Each structure stands twice: as structure tokens, then as C-alpha cells.
Amino acid sequence: MCACSNREFSLRKDNQHANVLGDTDKLNDDIRRAVTIGIDECFLSFPKPKPGDWVSLHQEKGQTVQEFERTKRTVPHTTYKTIYIQPIGPFDHPRAPSLETICEFSSNYFPGCELEILPQIEFSDFSKHLKTGKRINKYSKQPQYLAGFIIGHLKKMRRRERKNDRKELFCVGVTMADIYPEASWNFVYGLASIDDGIGIYSFARLDPVFPDIETARPCTDEERTLILRRAVGVFVHEVIHLFGLEHCIYYSCLMNGSESEEEMDRQPLYLCPVCLRKMYSAMGKEKQHFNVIQMYTKMLDGCKRLNLKTELEWYENRLNILNRTADN
Ligand SMILES: [Zn+2]
Ligand SMILES: [Zn+2]
């Protein structure tokens with residue numbers, strides 16, 4: 001999938017988690033407790049990579065909270081707080097994950113922002129040049145679209161159709177079609193143009209029966225849960241990149257890079273203390289809405305509805321620890 005050479009993964013010398021997290025004294029009680037209390041009990045260190053895992057193939061130097069806060073990035077402000085979700089192509093196949101469900105669960109990660117699903121558009125709306133942005137994948141024999149081409153179209157749509165919109169923070173294209181970033185690559189799960197605040201993410205390969213989705217029987221309950229878990233994971237991970245967060249190499253975390261669905265399934269749906277602290281900063285003036293206890297309580301409800309048992313237990317345990325220490 002990627003042409004990078006194998007290399008020995010080593011953590012940075014400054015991987016003292018306290019240095020990475022920076023000064024927490026001035027934070028309000030809620031976020032300070034969430035990133036300092038019961039950490040070893042609830043968060044696992046970054047796992048030793050297996051051959052073929054993301055960090056064995058891609059160089060990751062990590063990003064401390066301080067480095068994150070210094071980067072130029074898009075911050076929600078005044079009326080600009082809406083993350084648009086733009087469906088491209090149909091989502092009505094019985095095996096496709098529900099966009100409303102993904103949207104509802106994912107909104108818990110972005111307090112202070114709104115998520116809004118735009119009316120569906122079709123690949124055929126993409127102008128007469130579509131042929132240059134489409135191919136048949138030689139392994140899957142399925143059509144695939146060039147991710148950069150889609151991002152270009154989403155940019156045009158923003159200029160043309162939402163030029164007076166004073167709400168848009170990011171626009172995230174989602175599709176059940178497979179996508180690729182450049183001719184030499186087999187596929188990609190998603191691609192973001194951080195400067196433009198636009199991303200495109202494909203859920204095609206999250207289905208374990210890919211590429212035979214069209215002819216597959218209806219989902220079992222286990223498959224539905226697995227596909228939804230992966231879809232929420234990919235969606236939230238990619239939107240968090242748009243906020244300027246890079247991959248996490250400090251803990252087992254939703255912001256760890258992943259090279260395959262198998263690696264994705266090993267990663268949690270929660271943010272480690274470092275990435276949680278960055279998301280708090282990422283909200284700018286909207287951080288007044290960032291209340292970790294409230295977020296976790298809503299996520300706990302979401303995990304119940306999606307039948308995510310491991311995540312449910314994690315949020316229950318984490319809330320118990322945070323609420324217990326809050327009472328003392
Ligand atoms: Zn990523
Ligand atoms: Zn992290």
C-alpha cells in the first residue's frame with residue numbers, strides 16, 4: 001500500500017509524558033483531572049509495533065501539546081462552527097453504515113461544533129473531466145476515484161454554493177466508493193487538505209466482505225457493529241487531523257496511524273490524555289463547551305446504542321475514576 005521502507009520504530013527522547021503534555025496547572029479542573037488522574041490505570045502505552053503496522057512503515061516524530069499549539073490551524077470562531085458532511089454517491093446499500101448514526105456518535109468529540117449532513121451528490125456531477133479521476137482497481141476490479149480530484153470538486157462547491165455561508169468550519173466528503181491518492185497507490189481510507197479544511201473519506205474497505213459488497217448477504221449484528229465502529233473511528237480520526245492534530249505515538253489512542261483494518265480494530269475509540277488536551281486547545285474560544293465528564297457521559301450512551309462493549313466498559317471505568325476523585 002505504501003512505498004516507505006521498513007525502519008526500527010523508536011520513541012522520541014522527550015517521550016516523558018509530562019513533557020509532551022506540557023503545563024497543566026492553569027487548566028480548569030475538568031480537563032486537568034481528565035489528563036492527569038488515573039492515567040496508568042486507564043491508558044495503555046503505545047504498543048510495540050508489529051511488522052506491517054503504520055509506524056513500521058511511516059516515520060512519525062510525534063507532536064507535543066506545545067508544538068500543536070504553535071501550529072497554524074483552523075479554530076472554530078464566531079459563527080464558523082459547522083462541520084459539513086457531504087455524502088458522495090449512494091449510502092442506501094443495506095450494508096452501508098448509517099451516516100446519521102456516525103454523525104450522532106462523532107459529534108460528542110467536537111463539543112461547541114455542529115455536524116450537519118448535506119444533500120447527497122453523485123460522482124457524475126463532477127464535470128466532464130471525471131474520466132481523469134477514475135480508474136478500475138487492478139486487484140479489487142472495482143471503480144476507484146482520485147481523492148485529490150474529489151477535494152478539488154468540494155472546494156469548487158464551497159466557492160459556488162456556500163460562498164455566503166458563515167457557518168462552515170470544515171467540509172468532509174464521505175463515500176461508499178473506493179478512493180486512491182495517486183496512481184502508484186492501491187487505495188487510501190482518506191485524504192485531507194488541512195489548509196482548505198476539506199477531507200474525503202471512504203468507508204468501502206471497512207466492510208469485511210469488500211470488494212464483494214454488492215453481492216453479499218445482509219450484515220450480521222457483529223458485522224454491523226464492526227463496520228460502524230470502524231466508520232466512526234476513521235471519521236473522527238480524520239476530522240481531528242483537520243483540527244491540526246498529527247498522529248499520536250505516546251499512548252494507544254484513536255489518533256494512532258493505521259495501515260490496515262486489522263490494526264484499526266486494535267486501536268481504541270478514545271483519545272489519550274495528550275490528544276484530549278490538544279482537542280481542548282483546538283476548540284479556541286469554544287473550549288468553554290469542552291467538558292470531559294459531559295463528553296464521556298454522552299459517549300457512554302452512544303456506546304450502549306452502538307453495542308460497543310469494550311468502549312462502554314472503558315468509559316464507565318474512566319467516569320467512575322474521574323467522578324470519584326472529583327468527590328474527594
Ligand atoms: Zn491519520
Ligand atoms: Zn493520543
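Here are three short exercises with worked solutions on the structure above.

The model is predicted: local features need pLDDT of at least 70, side-chain atom pairs count only at pLDDT 80 or more, and totals for chains, interfaces and linings use all residues. Residues are numbered from 1 along each chain as its sequence is written, while chains are lettered from A and ligands numbered from 1 in the order in which they are written.

**Exercise 1. The whole protein**

Task: find what radius of gyration a compact globule with 328 residues would have, and set the protein beside it.

Solution. Start with the parts: the protein has twelve helices and eight strands (DSSP runs numbered from the N terminus, helices being H or I with at least four residues and strands E with at least two). Next, take the rule, 2.2 Å times the number of residues to the power 0.38, with the radius taken over C-alpha atoms. For 328 residues this gives a value near 20 Å, and the protein agrees, with 20 Å. Finally, the C-alpha trace spans about 65 × 50 × 40 Å along its principal axes.

**Exercise 2. One face of a helix**

Task: work out where the buried residues of H11 lie around its axis.

Solution. First, H11 covers residues 292-306. A residue is buried if 20 or more other C-beta atoms lie within 10 Å of its own, exposed if 12 or fewer, and partly exposed in between, with C-beta atoms placed from the backbone. In H11 the buried residues are Val292, Met295, Tyr296, Met299, Gly302, Cys303 and Leu306. Viewed down the axis, they fall within an arc of 115° (taken from the directions from the helix axis to the C-beta atoms), so they line one face of H11. The general background is that an α-helix has 3.6 residues a turn, so residues three or four places apart point the same way. Just after H11 comes Asn307, with a positive phi near 60°.

**Exercise 3. Into the core**

Task: find which helix gives the largest share of the largest nonpolar core.

Solution. A nonpolar core is a set of buried Ala, Val, Leu, Ile, Met, Phe, Trp, Tyr and Cys residues joined through C-beta atoms within 7 Å. The largest one here has 79 residues, and Ile83 and Cys275 are among those with the most contacts inside it. Helix H8 (residues 221-242) gives the largest share, ten residues. Now follow Cys275: leaving out residues up to four places away in sequence, Cys275 touches Leu245, Cys248, Cys253 and Met255 (contact puts C-beta atoms, placed from the backbone, within 7 Å).

How values were computed:
The expected span of a helix is 1.5 Å times one less than its number of residues. Two residues are in contact if their C-beta atoms, placed from the backbone, lie within 7 Å.
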